[in-house]
Amino acid sequence: MESSSGDKLVSFRNGDEGAFRYYYDLYYNALCLFGLRMLKEEEVAEDIVQDVFVNLWKAREAIESTLHLKMLNLICYNLQLANYSVHQNSTAYLCSNRLP
């Protein structure tokens with residue numbers, strides 16, 4: 001099983017879209033549910049997950065192990081959530097403090 005997982009990771013690192021799809025299918029729902037619990041907005045949670053996978057694809061050559069891949073997914077997702085929250089809070093502040 002580990003060699004299959006290792007083979008999948010090597011394929012992913014080499015740009016195999018089928019291997020990317022494997023990891024996408026493996027993590028997509030869990031990340032969406034996590035984001036939905038945090039944000040209470042399904043569409044935003046899904047958009048953030050899409051961004052995470054775009055960034056994961058861009059960084060694929062640097063991924064060293066499946067553990068690294070899992071950790072990178074979670075770290076990227078948390079950073080995207082934080083960025084969204086900061087943006088939302090800034091927008092809400094600006095909207096509530098407009099001049100008459």
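## A four-helix chain, question by question

Q: How many of the 100 residues in the protein chain, as a percentage, are buried?
A: A good place to start is the whole chain, and please keep in mind that this is a predicted model. A residue counts as buried when its relative accessible area is under 20%. By that cut-off, the buried share of the 100 residues in the protein chain is 28%.

Q: Which kinds of elements does the protein chain have, and in what order do they run from the N terminus?
A: The chain has four helices and zero strands. Reading from the N terminus on, the order is therefore α-α-α-α.

Q: What percentage of the contacts with a separation of 6 or more comes from residues 24 or more positions apart?
A: Contact here means heavy atoms within 4.5 Å. Taking the contacts in the protein chain with a separation of 6 or more, residues 24 or more positions apart account for 63%.

Q: What part of the accessible surface of the protein chain belongs to carbon and sulfur atoms?
A: The surface of the chain comes to about 7,000 Å². Of this, the part that belongs to carbon and sulfur atoms is 56%.

Q: Are the planes of the rings of Y23 and Y27 stacked or edge-to-face?
A: The structure has 11 aromatic pairs. For Y23 and Y27, the ring centres are 6.5 Å apart and the planes stand at 10°. Planes under 30 degrees apart count as stacked, so this pair is stacked.

Q: Which helix holds both Y23 and Y27?
A: The two tyrosines are four residues apart, about one turn of the helix. Y23 is buried at 2% relative accessible area, and Y27 is buried too, at 14%. Both lie in residues 17–39, which is helix 2.

Q: Which residues do ring pairs link into a cluster with Y23 and Y27?
A: Ring pairs join Y23 and Y27 to further aromatic residues in a cluster. The other members are F12, F20, Y22, Y24, Y28, F53 and W57.

Q: Which residue has its charged end over the ring of W57?
A: Two members of the aromatic cluster, Y22 and W57, each have a charge over the ring. For Y22 the charged end is that of K8, 5.0 Å from the ring centre. For W57 the distance to the ring centre is 4.0 Å, and the residue is R60.

Q: Which helix gives the most residues to the largest nonpolar core?
A: This core has 24 residues, and those with the most contacts inside it are F12, I48, V49, F53, L69 and Y77. The elements that give two or more residues to the core are helix 1 (2–13), helix 2, helix 3 (42–58) and helix 4 (66–96). With nine residues, the one that gives the most is helix 2.

Q: Is F53 buried or exposed?
A: F53 has its place in helix 3. Beyond four places away in sequence, F53 touches F20, Y23, Y24, Y27, Y28, L31 and N73. Its relative accessible area is 2%, which is under the 20% cut-off, so F53 is buried.

Q: How far apart in space are F53 and Y77, C-alpha to C-alpha?
A: Both residues are among those with the most contacts inside the largest nonpolar core. They are 24 residues apart in sequence. In space, C-alpha to C-alpha, the distance is 9.3 Å.

Q: Which residues does L69 touch, not counting those up to four places away in sequence?
A: L69 is also among the residues with the most contacts inside the largest nonpolar core. Leaving out residues up to four places away in sequence, L69 touches F12, Y23, Y27, L56 and I63.

Q: Where is K40, a residue other than glycine with a positive phi, found?
A: Phi of K40 is near 65°. K40 counts as exposed, because its relative accessibility of 65% is over 50%. Its place is the loop between helix 2 and helix 3.

Q: How many disulfides does the structure hold?
A: C32 is buried with a relative accessible area of 11%, and C76 counts as buried at 19%. A disulfide needs two cysteine sulfur atoms within 2.5 Å. The number of disulfides in the structure is zero.

Q: Which residues does Q80 touch, not counting those up to four places away in sequence?
A: Q80 lies in helix 4 and counts as buried at 17% relative accessibility. Leaving out residues up to four places away in sequence, Q80 touches I48, D51, V52 and N55.

Technical notes: Residues are numbered from 1 along each chain as its sequence is written. This is a predicted model: local features need pLDDT of at least 70, side-chain atom pairs count only at pLDDT 80 or more; totals for chains, interfaces and linings use all residues. Side-chain values use heavy atoms; hydrogens and water are left out. Buried means under 20% relative accessible area, exposed over 50%, partly exposed in between (1.4 Å probe, protein chains only). Accessible areas come from the Shrake-Rupley method with a 1.4 Å probe; for residues, only the protein chains shown count as cover. Rings of Phe, Tyr and Trp (its six-membered ring) pair if their centres lie within 6.5 Å; planes under 30 degrees apart count as stacked, over 60 as edge-to-face and the rest as tilted. A charge sits over a ring if NZ of Lys or CZ of Arg is within 6 Å of the ring centre and within 35 degrees of the ring normal. A nonpolar core is a set of buried Ala, Val, Leu, Ile, Met, Phe, Trp, Tyr and Cys residues joined through side-chain atoms within 4.5 Å.
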